[in-house]
Amino acid sequence: MTMRDVTSDGRTPEGPGSGSPSRRRVLRWAGGGLTLAALTAGAVGCDEDAVDVEEPGKAGGDEPGGDGGKEAGADAGGNGNGRAPEPLWTKPTSAETYGDNDELVAVGGVVIASGSPLAALDAATGEQKWSLPGGAVPGAPLLLGEDTLYLASSEYDGSVIGYDPASGKETWRSRLGKEYRQPRPIAVDGEQVYVIAEILEDDGSSKTNVIAALNSTTGRVAWKEQRDVGTEQNGIHAAVRGRHLVYTDFKKNLTVRDTAGGGQVWTHKTTKTNYGFFTVHQDLVVVPQGNVLQAFNLTDGKEKWTLEASDGALFREPAVLDDVLYVADSARVMRAVDPRTGKQLWKSEALADAGLQVPRQYVKAGDTLYGATDLDKQGGIIAMDARTGAVRWTFNDKTGDYHAWLVATDGKRVFALHGKKLHALPV
């Protein structure tokens, strides 16, 4: 499972060459180590109950532009005139998100947003199916694998717990050990759940951390490896592919470990503009490195291919969906790439033409690519033709909430989370 693996601070979009993190991105980096309480006062403006949709090119009041058109809306969930579809339902949530892509999931007929209490809503109706009073640990992912939702314990008792996402019933539990604090799941495959935890000193402090694998059947510790001094347990993005566990951290390291024993296979430094995001496809890991997109072999770390952005633009968060790599850059140019070879399949400037913000998360349903952006005024959920990059429509609830948008899909509906509002849109 790929951790898909993610700025909304009221500023104008980042221009080409901009590498400065926004307030939103800094919050995201901090994971569970920060609280949003100090930032929420006065952050939400406008009428919170108002839901509005935008015509292509008019998000945030911009003039029409790009390739979105009346014909496109008819086969992309729109109403046939290029406007976004009306929500099937809109519900308030207890969401407490930091903008990571794994804080909204759709599985087993329910959609779940990270929060306290943690509530699962019926995907078709929006009615609550179940809730967990303790909720999700802020900054920890909603990790899905083998029909199980894995969460760090909200009791902070050192447990990692598995739940049936359809019913909310506990199905699995594991503890790394009392000498470790705050274990958080970061990735899962068919056999193991991978966690990172602080190693406790005698005085209760922590200077180092450990990465470990827990058997997803028995809960027993399969292996554990102490990470280097100076590494951090926050800001982790991870994925598993075959026998390789891939992850990044705040220290700008891209590391690959062997899932059988935990031994480090290789590690590379990433640039300050990477922010820890990558995607994997087959035996490759693809990493944005400033104005270059690089693919490395998982087995040995050797470079397989590179793709350069133009005019000094910086590549943003990538995603592989249905064997196609989608990535935008800071100049708001969207690309589809063959992830095996790095060959560009198409290139679109529709986002820039329409004055829209760059998506930082993607899902796909049918022939439509849905992107979720950071900045509310110039973004929201953007529906694009997955074959050309043409903008079909945008959806924005116009609450002015500074939280990043998150998007998920069950193939039948697209779920858009913004602050504490969850919208279900038809595909």
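**Strand pairing and side-chain contacts in the predicted model**

The side chain of Thr 399 comes to 3.2 Å from the backbone nitrogen of Asp 401. In this predicted model, Thr 399 is placed in the loop that connects strand 30 (391-396) with strand 31 (405-409). A second partner of this threonine is His 418, the two side chains being joined by a polar contact of 3.5 Å. Thr 399 has a relative accessibility of 4% and therefore counts as buried, the limit being under 20%.

Strand 4, comprising residues 110-113, is covered on both of its faces. Val 110 and Ile 112 lie on one side of the strand and Val 111 and Ala 113 on the other, and all of these residues are buried. Strand 4 pairs with strand 3 (residues 104-107) in the antiparallel sense, over four bridges. Within this pairing, Ala 106 is found opposite Val 111 of strand 4. Strand 3 and strand 4 make up a hairpin with two residues between the strands, in which Gly 108 adopts a positive phi near 60 degrees. Strand 4 is also joined to strand 5 (residues 118-122), again by four bridges and with the strands running antiparallel. Here Ala 113 has Ala 119 of strand 5 as its bridge partner. Strand 4 and strand 5 likewise form a hairpin, with four residues between them. Val 111 and Ala 113, which share one side of strand 4, thus appear in the two pairings, Val 111 opposite Ala 106 and Ala 113 with Ala 119.

Further along the chain, an open sheet is built from four strands in the order 11-12-13-14, with antiparallel pairing. Its edges are formed by strand 11 (180-188) and strand 14 (221-226), each of which pairs on one side only. From one strand to the next, the twist averages 25 degrees. Strand 11 and strand 12 (residues 192-200) run antiparallel and are joined by six bridges. Across this pairing, Arg 181 stands opposite Glu 198 of strand 12.

Charged side chains were examined next. Side chains of opposite charge can pair when their charged atoms come close. The count of salt bridges in the model comes to 17. One of them involves the edge strand 14: Lys 224 pairs with Glu 179, with the closest N and O atoms 3.9 Å apart. This pair links distant parts of the chain, since Lys 224 belongs to strand 14 whereas Glu 179 lies in the loop between strand 10 (170-175) and strand 11, 45 residues apart. Lys 224 is partly exposed, at a relative accessible area of 38%, and Glu 179 is partly exposed as well, at 36%.

The facing residues Arg 181 and Glu 198 also form a salt bridge, in which the closest N and O atoms are 2.6 Å apart. The bridge connects strand 12, which holds Glu 198, to strand 11, which holds Arg 181, across 17 residues. Glu 198 counts as buried at 10% relative accessibility, whereas Arg 181 is partly exposed, with a relative accessible area of 30%.

A further salt bridge is formed by Asp 338 and Arg 340, whose closest N and O atoms are 3.0 Å apart. Asp 338 is buried, with a relative accessible area of 13%, while Arg 340 counts as partly exposed at 46% relative accessibility. Elsewhere, Asp 367, Asp 385, Arg 387 and Arg 392 are joined into one network by salt bridges that share partners.

Seven aromatic pairs are present in the structure. In one of them, the rings of Trp 89 and Phe 415 have centres 6.2 Å apart and planes at 40 degrees, so the pair is tilted. Because Trp 89 lies in strand 2 (residues 89-92) and Phe 415 in strand 32 (residues 413-418), this pair ties together parts that are 326 residues apart in sequence. Trp 89 counts as buried at 7% relative accessibility, and Phe 415 does so at 0%. Another tilted pair consists of Tyr 326 and Trp 346, with ring centres 6.3 Å apart and planes at 50 degrees. The pair links strand 24 (residues 324-328), where Tyr 326 is located, with strand 26 (residues 344-348), where Trp 346 is located, the two residues being 20 residues apart. Both Tyr 326 and Trp 346 are buried.

Terms used: Residues are numbered from 1 along each chain as its sequence is written. This is a predicted model: local features need pLDDT of at least 70, side-chain atom pairs count only at pLDDT 80 or more; totals for chains, interfaces and linings use all residues. Side-chain values use heavy atoms; hydrogens and water are left out. Two strands pair if DSSP finds at least two bridges between them. Axes are lines fitted to C-alpha atoms, for helices over the stretch in contact, and angles run from 0 to 180 degrees between N-to-C directions. Buried means under 20% relative accessible area, exposed over 50%, partly exposed in between (1.4 Å probe, protein chains only). A polar contact is a pair of N or O atoms within 3.5 Å; within protein, one must be able to donate a hydrogen and the other to accept it, and residues adjacent in sequence count only if both atoms are side-chain atoms. A salt bridge is a side-chain nitrogen of Lys or Arg within 4 Å of a carboxyl oxygen of Asp or Glu. Rings of Phe, Tyr and Trp (its six-membered ring) pair if their centres lie within 6.5 Å; planes under 30 degrees apart count as stacked, over 60 as edge-to-face and the rest as tilted.
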